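Biologist: Could you take me slowly through the surroundings of the bound ligand in this model? I am new to reading structures, so please go step by step.

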Amino acid sequence: MSDKLIIFDTTLRDGEQSPGASMTREEKLRIARQLERLRVDVIEAGFAASSNGDFEAVKSIADHIRESTVCSLARANDRDIARAAEALKSAERARIHTFIATSELHMEKKLRMTREQVLEQARLSVRFARNLCGDVEFSPEDGYRSDPDFLCRVLEAVIEEGATTLNIPDTVGYAIPELYGNFIKMLRERVPNSDKVIWSVHCHNDLGMAVANSLAGVKIGGARQIECTINGLGERAGNCALEEVVMAVRTRRDHFGLEVGIDTTQIVPASRMVSQTTGFVVQPNKAVVGANAFAHASGIHQDGVLKARDTYEIMRAEDVGWSANKIVLGKLSGRNAFKQRLADLGIELESEGEINAAFARFKDLADRKSEIFDEDIIALVGDESVTPEHEAYRLLSLEQQSATGERPRATVAFVADGIEHKAQSEGNGPVDASLKAIESLVKSGAEMLLYSVNAITSGSTESQGEVTVRLQHGGRVVNGVGSDPDIVVASAKAYLAALNKLHSKQERVAAQG
Ligand code: KIV
Ligand code: ZN
């Protein structure tokens, strides 16, 4: 059996199914590029048939990604599969991932289909997909809660039709590590042609065991592909977290004896990018990517680490991409140093024009903030309020007054569709007053689902604030992110960035209908 463990990232498909995590095509492409730098084996780019927006996102990722296999999800029907194949046409390596539910509950209540109908549809779909693509993955949805006898019949049939990977989802996060591992083992032993495919695990985190279940599927069951997402993003409690599963296999190579092709130094940048794009904040004590994951607070621990790192550290922070909050640039740094730092951080800007614009923002920030950290640069480049393609609304200036016992007031000057406006409002606080001022003119009518502020670098009130605003309007949910040393300004930028997305009419429908 191979000792290579395939890392299949589904941040852009299953991860995107988290309420409020839907992304634009540009955002998905930016994350896909980072996943490629991370060297994931397979990027599940979306669900091409679910919407025109998702089709375009999958297509654009297939157009640009050259190192990783690009995959699209498709229900087990010809239309979905043909749409996936069409979106993947330009991919260097393409995979179609088709699925149909096989548990009694799903077949009877959701699909209203008999076992024989499901079996036949699975068979025909894989046959159809194999005519369009050499790499076909099949998933029996809710596989873990399916009747093993029936599941074995379905799996045997789809292998006969040419499926190359069989993925066994624990769709509702019901599994327990030992049981899930044994379930995969049992399927591999009972399905007669099981050696013709790669077995894959796909675990949801409803009981907090997605990573443990996935690892058991590998260790006990013999699976050689893990499906996972950055930061464990995903429906409900999320999916198996890529950073955790990869570092577990790497750190405990003695136990797993498997190779993963991931460039682990790209893990933290990937985590930051996904968190910033979706507005899903990473908890400080989250393994590997949480702000405290490598912080030693107690005196005994600090003393131990200073004497010998491995007294309390099983991984090195720099191996997963923590840059130790280095002061990288300042006010006097030139364009070349800035460009070099972008390259060191793995940030590729498309044109000289984009580099110049980012450099101008860097200079502006350096005038107001003496120490510029890597995190500031990442935020500055990702700040959507200044990305030219989203410029229907742009902040010009903001003034606010607040004093104890008085109702705060704000005056915001901004450009809307090329025209300069000035709006004023009162509010509960300066942020509320500023956003109300903008809304008094724009009249978007959007409902705010989330407002969150985070310090970009820890340890000082000099840090920039990064604000995420999530708005809902007309069935669409968008996130806007803005950063600035002044959190009121960051809030106005984030609000305008979200309005830009609502304005841009990009289709942002949840991937799985
Ligand atoms: O959780 C699940 O069952 C899925 C399938 C579509 C693979 O995401
Ligand atoms: Zn899933």
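Modeller: This is a predicted model, and a good place to begin is Arg13, which has a polar side-chain atom lying 3.0 Å from an oxygen atom of ligand 1. Asp14 likewise places a polar side-chain atom 3.0 Å from an oxygen atom of ligand 1, and a polar side-chain atom of His204 also lies 3.0 Å from an oxygen atom of this ligand. On its own, ligand 1 has 260 Å² of accessible area, and the protein covers 97% of it. Two elements give two or more residues to the shell around ligand 1, namely β4 (94-101) and β5 (136-141).

If you wish to find the whole shell in the picture, look for Arg13, Asp14, His97, Phe99, Ser139, Glu141, Pro169, Thr171, His202 and His204, which surround ligand 1. When these shell residues are sorted by character, two are nonpolar, five are polar and three are charged.

Some of these names return when we turn to the metal, for the zinc ion, which is ligand 2, is coordinated by Asp14 through OD and by His202 and His204, each through NE2, at 2.0 to 2.1 Å. Along the chain, the donors of the zinc ion follow the spacing D-x187-H-x1-H. Asp14 sits in the loop between β1 (6-9) and α1 (25-38), while His202 belongs to strand β7 (residues 198-203), and this pair, 188 residues apart, links distant parts of the chain. Both Asp14 and His202 are buried.

For the wider setting, the UniProt record, an unreviewed entry, places the feature "domain: Pyruvate carboxyltransferase" at residues 5-268. Within the model, that span is 44% helix and 17% strand, and the C-alpha atoms at its two ends lie 21 Å apart.

One further residue is useful for practising the word "buried", and that is Ile65, whose place is in the loop between α2 (52-64) and β3 (69-75). Ile65 counts as buried because its relative accessibility is 0%, and the cut-off for buried is under 20%. Measuring along the chain and through space gives two separate descriptions of a pair, as with Ile65 and Asp364, which are 299 residues apart in sequence and 33 Å apart in space, taken from C-alpha to C-alpha.

Definitions and conventions
Residues are numbered from 1 along each chain as its sequence is written. Chains are lettered from A and ligands numbered from 1 in the order in which they are written. This is a predicted model: local features need pLDDT of at least 70, side-chain atom pairs count only at pLDDT 80 or more; totals for chains, interfaces and linings use all residues. Side-chain values use heavy atoms; hydrogens and water are left out. A residue is near a molecule or strand if one of its heavy atoms lies within 4 Å of it. A polar contact is a pair of N or O atoms within 3.5 Å; within protein, one must be able to donate a hydrogen and the other to accept it, and residues adjacent in sequence count only if both atoms are side-chain atoms. Accessible areas come from the Shrake-Rupley method with a 1.4 Å probe; for residues, only the protein chains shown count as cover. Helices (H or I, at least four residues) and strands (E, at least two) are DSSP runs, numbered from the N terminus. Ala, Val, Leu, Ile, Met, Phe, Trp, Tyr, Cys and Pro count as nonpolar, Asp, Glu, Lys and Arg as charged, and the others, Gly among them, as polar. UniProt positions are given in the numbering used here, feature names are shortened, and annotations may be inferred rather than shown by experiment. Donors are N, O and S atoms within 2.8 Å of the metal (3.2 Å for Na, K and Ca); water is not among the atoms, so sites may look incomplete. Buried means under 20% relative accessible area, exposed over 50%, partly exposed in between (1.4 Å probe, protein chains only).
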